[in-house]
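Colleague: Could you take one part of this model and walk me through it closely? I would like to see how its pieces fit together.

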Amino acid sequence: MRLIRSEFSSVRRHQDLVLDFAPGLTVIGGANESGKSSLVEALHRTLFVRAASSGTAAQDLRSQLHAGHPQIKLEFEESEQHWTLLKRFSGPSGTTQLETKGQVALIGSAAEDQLAHLLGVDEILNSRQVNKTLPSRWAHLWVKQGDSGRDLLSLSNDHYDLNNLIECLEQQAEESLQSPLDQRVHSQLERLVSESLSTRGVRQQSELGKRQEALKAAKEHHRESLEQLQAFELSCEELDRVEDKLRHLKLERLPVLRQQRQRLLQLQEALQQLKPLTLQQQQFEKTNATLCKLLADSKACSHNLANLERELKDFESTCNLASNDIKEAQQHTATLEQQRQALEEQGLLLRQRKDRDELQQRLERLDRQEEERQRLTEQQQHLIAAFNKVEGGSAQDLQQLNKTQEELRAVAIRIESMASTVLVESADQTISIEGSKLKEGESCDQAGVFRIDVGDHVRLKISPGEGTGLASLEHTQKSLQIALKAGLKLWNANSLEEAQQSSEKRNLLRQQQELLKAQLQQLIPPTGQKAPNLGELRLQLEALNQGLPTSDLKQESDHENELEQCRIRYRAVKNESETHQKQLRRLEVQHDAQQTQWQQKRLQQERLKAEQEQRLKQQQSLKQEVGSQEQLAQSIETLSAQQLTLKAHIQALQRLNQHQENSDPKLELETLERLEHQLTEQRHELGIQRGALLERCDSLGQSDLHSAVAETSAKLELATQAEQQEALLVRARSHLLQRFQQARSDLSQRYSTPLKHNINQVLKPLLRNPADSCSIHYDPQDGLQQLGLQREGTLFSFDQLSGGMKEQLNAALRIAIADTLKERHGGCLPLLFDDAFTNTDAQRLQGVLEMLQQAVSRGLQIIVLSCDPDPYKSVANKLIMID
């Protein structure tokens with residue numbers, strides 16, 4: 001198979017691209033990210049993926065830059081027939097067309113099936129098979145980017161088309177590898193072993209499986225018979241134990257429990273008789289203790305009452321003295337308060353007098369300021385009127401007027417410097433200058449342009465300064481004179497000196513205005529401060545005068561000193577009043593505390609009297625109930641004697657029952673009853689067990705268990721022997737098959753001989769030593785493996801080689817495989833290398849080029865994609881650059 005031409009539309013980065021392949025070596029160059037690998041992926045999927053595939057199978061080819069579905073057209077030659085393949089990847093609606101000359105074009109599934117036949121594969125892959133199977137298709141022919149350093153033989157057999165490769169290698173072998181008899185023996189051994197064994201172990205329907213099942217059944221029967229015999233013996237032993245337990249319960253444990261129960265009932269009765277006697281004695285003792293306590297408390301209470309009576313008398317005298325002190329302090333405090341109020345009224349009157357005087361002074365000051373402001377305002381108006389009468393402009397106008405006059409003087413000087421003198425030395429005709437006649441010997445001075453008349457028909461125009469600049473100077477002089485007149489008119493003056501005098505007068509008036517304005521500004525209140533209202537201030541003054549007595553209206557005195565003396569007296573009286581008030585409050589607090597203590601003592605006295613009366617009543621009540629203390633003591637002695645008698649009887653019963661003194665007989669009776677009930681239930685259960693064991697022993701004893709065990713043992717031995725014999729036979733067959741396969745493996749190493757020779761021929765430009773060669777092995781189960789390189793007597797595995805040598809050895813292996821398989825594909829196969837020699841140095845790259853040329857000479861088609869195509873130009877049959 002040979003690729004001829006390919007066209008790509010809307011494939012990843014490529015919108016429309018056409019590639020023509022040379023029959024020999026085609027080099028495709030382009031920078032990184034120019035889409036070279038995209039072309040490889042597109043060609044690969046065009047050959048091996050159905051156009052109607054969905055998912056990533058079609059999405060991976062779609063362009064993100066150009067509209068439309070990916071479409072690839074590929075022309076190739078197979079067995080001297082020219083084929084054209086057209087695929088459009090648009091998901092389930094994708095189309096496939098395959099045609100050749102002289103035949104009807106195939107479309108859809110028919111075209112995909114025919115393509116699979118031409119490529120020598122089982123089928124064209126759908127979307128479900130892409131991820132799993134696509135990487136193995138033509139992996140031995142096309143080296144994609146990044147795969148050049150991977151060991152091809154370490155992958156599965158599908159990656160290098162092992163079945164077709166073995167068939168081709170068998171045809172190239174030196175002699176037949178195995179006879180038909182060997183093949184039949186091998187097949188028969190495989191069949192026999194597979195009938196007995198599988199990958200999971202022994203087959204169930206095989207003879208060995210049946211023997212193992214029979215052995216398992218015999219073991220189960222033998223185990224069951226042994227279990228039955230052991231169960232019979234155990235049942236008999238258990239029956240003996242149950243009967244022993246029943247006898248022990250009936251004759252020993254139950255009678256003992258009944259005797260213990262009878263003694264506990266007697267003990268419980270005695271304890272019940274002892275309990276009321278003990279309670280009665282305790283009640284009498286408690287009553288006696290209560291009487292004693294009441295007598296002692298009564299004596300103590302009488303003593304406390306006497307003490308309280310004395311304390312109350314003392315508190316009454318103390319409280320009376322304190323009340324008198326408080327009354328005196330209150331009277332003195334009232335006197336001080338009256339003095340304070342009088343001083344406060346006097347101070348208020350003095351403050352009103354002071355405020356009245358200050359307000360009156362302020363009004364007088366404001367009246368003077370108002371008069372001064374009116375005077376200044378009138379002066380300011382006079383100055384403004386005088387300023388307006390003086391005509392004139394600003395200082396800038398005066399300055400401009402000075403400048404104009406200076407410029408006018410300068411222009412006049414320049415014009416005068418250009419004056420001319422005319423002298424008549426001799427004349428035969430009349431000469432006149434500007435109408436003035438000159439005689440012979442006379443002269444005349446003229447400035448500027450002037451005219452001379454000679455005779456009646458001759459007139460001369462004289463322009464000093466050769467006629468240049470005089471006109472402009474005169475024009476400038478006129479302009480300046482006009483400007484000067486306008487400036488003087490503004491000042492209403494005839495000369496510059498008058499204008500200057502007017503300016504000085506205006507400046508003087510302006511300064512006087514500013515001075516008056518500053519003086520007026522001082523009389524105006526600051527910003528944010530409200531100007532005082534004279535009317536309101538006079539109303540306040542009248543209000544203050546009305547509030548003062550009539551005698552104080554015209555009285556003048558030093559109010560400030562009087563007010564200060566009033567303040568000093570007021571503070572002294574106030575401090576003295578506050579001191580007396582504090583002392584009064586302290587006396588009141590002490591008096592209140594004494595009153596509280598007195599009340600507490602009174603309450604305590606009343607409480608003690610009530611308690612004393614209650615005790616007396618309680619004593620009388622107790623005496624009425626139990627009698628006097630002597631009668632109560634006699635009753636306690638009688639109850640003690642009765643208790644001693646019952647306790648002696650109880651101790652005797654406890655010794656018989658081995659009973660603890662603090663334990664409860666009622667609880668022990670309940671325990672004995674539970675134990676008796678448990679023994680009864682146990683007796684019933686043992687009876688049931690005895691019946692069941694008797695029934696089981698009768699059932700098991702009907703057959704001869706010992707004979708059954710002996711019979712199953714014999715059957716087990718026979719099944720074991722049969723299983724061992726069959727297992728031995730299967731192991732022998734497996735061992736024989738293994739040895740046969742080992743022998744075949746030794747022979748099958750000859751598969752690698754032609755392939756190894758082919759690889760060495762391809763590697764010859766790269767191997768420096770003629771003794772160096774590649775290493776490869778064949779295993780009937782795992783296929784080709786252990787690719788390596790023998791150099792200088794040392795074998796290097798593929799993983800031990802450098803990156804460049806891995807690429808070169810992989811390329812040689814693929815060339816050798818393609819050379820072996822090419823006859824099955826019309827004598828040619830396309831080999832593709834996508835950046836497959838990136839780790840190869842420049843020196844060895846020359847050997848790689850020779851290796852590629854050798855592959856072309858063998859009839860193979862080589863396509864190399866590289867971002868640096870320059871080294872391949874010398875050997876390339878065609879160079880294609882992708883922009």
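Modeller: Here is a walk through one sheet and the helices beside it.

This is a predicted model: local features need pLDDT of at least 70, side-chain atom pairs count only at pLDDT 80 or more, and totals for chains, interfaces and linings use all residues. Numbering starts from 1 along each chain as its sequence is written, and side-chain values use heavy atoms, without hydrogens or water.

Start with an open sheet of 5 strands (DSSP E runs of at least two residues), in the order β8-β20-β21-β3-β22. Its pairing (at least two DSSP bridges) is parallel. At the edges sit β8 (142-143) and β22 (878-881), each paired on one side only. Inside, β20 (residues 830-834) and β21 (residues 861-866) share 5 bridges.

Now find Phe833. Its bridge partner in β21 is Val864. Beyond its neighbours within four places in sequence, Phe833 has contacts (heavy atoms within 4.5 Å) that include Val143, Ala811 and Leu852. Phe833 is also among the residues with the most contacts inside the largest nonpolar core, which has 94 residues. Such a core joins buried residues (under 20% relative accessible area, 1.4 Å probe, protein chains only) through side-chain atoms within 4.5 Å. Helix α17 (a DSSP H or I run, at least four residues) gives the largest share, 10 residues.

Next, α18 packs on the sheet and touches β3 (25-29), β20 and β21. The direction of α18 makes about 150 degrees with that of β21.

Finally, the axes (lines fitted to C-alpha atoms) of α17 (residues 803-821) and α18 (residues 842-857) come within 11 Å and cross at roughly 5 degrees. So α17 is roughly parallel (under 35 degrees) to α18. Met805 and Ile815 of α17 are among the residues making this contact, as are Val848 and Met851 of α18.

Technical notes
Axes fitted to C-alpha atoms, helices over the stretch in contact; angles between N-to-C directions. Parallel < 35°, antiparallel > 145°, perpendicular 65-115°, else oblique. Buried < 20%, exposed > 50% of the residue type's maximum accessible area, 1.4 Å probe, protein only.
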